[in-house]
2 protein chains.
Amino acid sequence: MNGLLRDAGERGLIELVSSYFECEEEDCAIVKFGGEYLLISSDMLHQKTDFPPQTTPYQMGWSLVAVNLSDIAAMGGKPLFMVNALGLPGDFKIEAFEELLSGINACASRFGVRVIGGDLDSHEEITLTGTVIGISNEGQIVRRSGARVGDLVCVTGNLGSAGGGLRLLENEKDFDRLNPLVKALLEPMPRVEEGLMLSGSGSVTSMTDISDGLSVSLADLARASRVGFKIEEERIPVYSDELLALAWSAGGDYELLFTVVPEKIDELERIVDFTVIGSAVEEGAGDKLSPLGYDHFRRG
Amino acid sequence: MNGLLRDAGERGLIELVSSYFECEEEDCAIVKFGGEYLLISSDMLHQKTDFPPQTTPYQMGWSLVAVNLSDIAAMGGKPLFMVNALGLPGDFKIEAFEELLSGINACASRFGVRVIGGDLDSHEEITLTGTVIGISNEGQIVRRSGARVGDLVCVTGNLGSAGGGLRLLENEKDFDRLNPLVKALLEPMPRVEEGLMLSGSGSVTSMTDISDGLSVSLADLARASRVGFKIEEERIPVYSDELLALAWSAGGDYELLFTVVPEKIDELERIVDFTVIGSAVEEGAGDKLSPLGYDHFRRG
């Protein structure tokens, strides 16, 4: 194929790689092992793209774990182990390095994940790759492809928060580190417990995490499930109305987007907090989803 | 702790991380899962440190798999699955990207490893992280710590080859891509089959791979096993004598260094090709191992 990576864009390249290695296009790799299904997520974060200058080393470590746990959560898995490959500049302070480890440790411990090893490398740009291994019973893996016409579309938490946090950091010199938008951006909370309860309920037909904006994630579910979606924009949960545009297009929220069989929705609402924002319709009959979301290869 | 990462050096930092997360300092992470022991290796390679300018995208892909398989081989494991996190510049050619995938595929297929997923990211400097998961029966995992006084020290293949290859690339404008030294550098062959046979034999007491030079690897085994080593330098296998200095200090050979109970050596020689280069002695009584090897944080 001719051209440059940025011409193909992130989604095009993921398609290319998935078809090359005959992998499913999912939030995690899935592989049968012994009597169990392993779910494996590997995500690379780096300074220029993923860490605003205000990010502390603790928050870098926390985020590295959180983004990988979010992928496991998005398939309803239980994360167990993690290995890390950490690329750091030689003039990085040892004290800051220890802070980074403590951020990794905090998020891993919070979700019962054991850090079991990894690699250290000298790298001009801070570059961190985490790989998390989780398990799931086959019957409980929730893929992107199971949404059916009539299913209700739901999300956990509030959307656009991380995008709002980024705007705050860019515009305000004195920002409040405890502001929920800033926290959402710099210390995202993966929805591990929610993902497990959703998959365990048996009522969830498809799921993914919203890491690159609602638009991109809806488009991923729509393509995999061969359906369309009608979204009622006024239902999209946000901290404040001006975050609505960011909810569609900004990355970093790490909430779960999923579809539910309508008759199970009341039952599910008793065990997990979420918001219904629309429903699945015939393929082609849904909202036009403009590709507004975050594309690693097309930014800037 | 005060200071910078480069002050602590790679080995010091590995110690810090291992003690922080209570991991063993081994070639792979080891974790019990179901009835099996999983061995997990995660290695980051990047352009400036790991890929001489003459490296083709195919060779980058090949190397990414090979260095991780070498870690699994070093513990006598059988590699099964791989996930990759690939960070590439937006102006990387799609054609070159496909070549890179074909290099990954070639090395993975050669050793029966299935590529099951991963992450794509835009990164100014080509940065590739591979994570390989393998298995081993507990009784067959070979750690760094089992060498006993009297054991014979052995290596597979020839040493200093990758270092010699690098010297060729740096000094000769028209180098031969098929030169065995250049091949050793740019398309290293992990010793997966040898590692499996060595661990299966039950005669190997400790093992590691020689990724940062013989000096560093001997020091790793000596420290973990609390022994010293007497090495007969004239026995170190090299393609030609001028490579001997590089055998001690240059990285990139990916051969196996291991110790064997003396009475089992004949039996072992019938199933694996290797060279005896010395023996294990009391801690403190061995050769002084000057820390000549490659240190990612102290180079340059």
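I will talk about chain A of this predicted model, and about its helix α1 in particular. Residues are numbered from 1 along each chain as its sequence is written, while chains are lettered from A and ligands numbered from 1 in the order in which they are written. Because the model is predicted, local features need pLDDT of at least 70 and side-chain atom pairs count only at pLDDT 80 or more, whereas totals for chains, interfaces and linings use all residues.

Let me start with the whole chain. Chain A has 10 helices and 10 strands, these being DSSP runs (H or I, at least four residues, for helices; E, at least two, for strands) numbered from the N terminus. Its radius of gyration is 19 Å, close to the 19 Å that the globule rule gives for 300 residues, so chain A is as compact as a globular protein of that length; the radius is taken over C-alpha atoms, and the rule is 2.2 Å times the number of residues to the power 0.38. Buried residues, those with 20 or more other C-beta atoms within 10 Å of their own, C-beta atoms being placed from the backbone, make up 54% of the 300 residues in chain A.

Now to helix α1, residues 5-21 of chain A, which spans only 18 Å between its end C-alpha atoms, where a straight helix of 17 residues would span 24 Å at 1.5 Å a residue, that expectation being 1.5 Å times one less than the number of residues. There is a kink of about 75° in α1(A), centred on A:Arg11, where the bend is the angle between axes fitted to the seven residues ending there and the seven starting there. A:Arg11 is also among the buried residues of α1(A), which include A:Leu5 and A:Val17.

Technical notes
A residue is buried if 20 or more other C-beta atoms lie within 10 Å of its own, exposed if 12 or fewer, and partly exposed in between; C-beta atoms are placed from the backbone.
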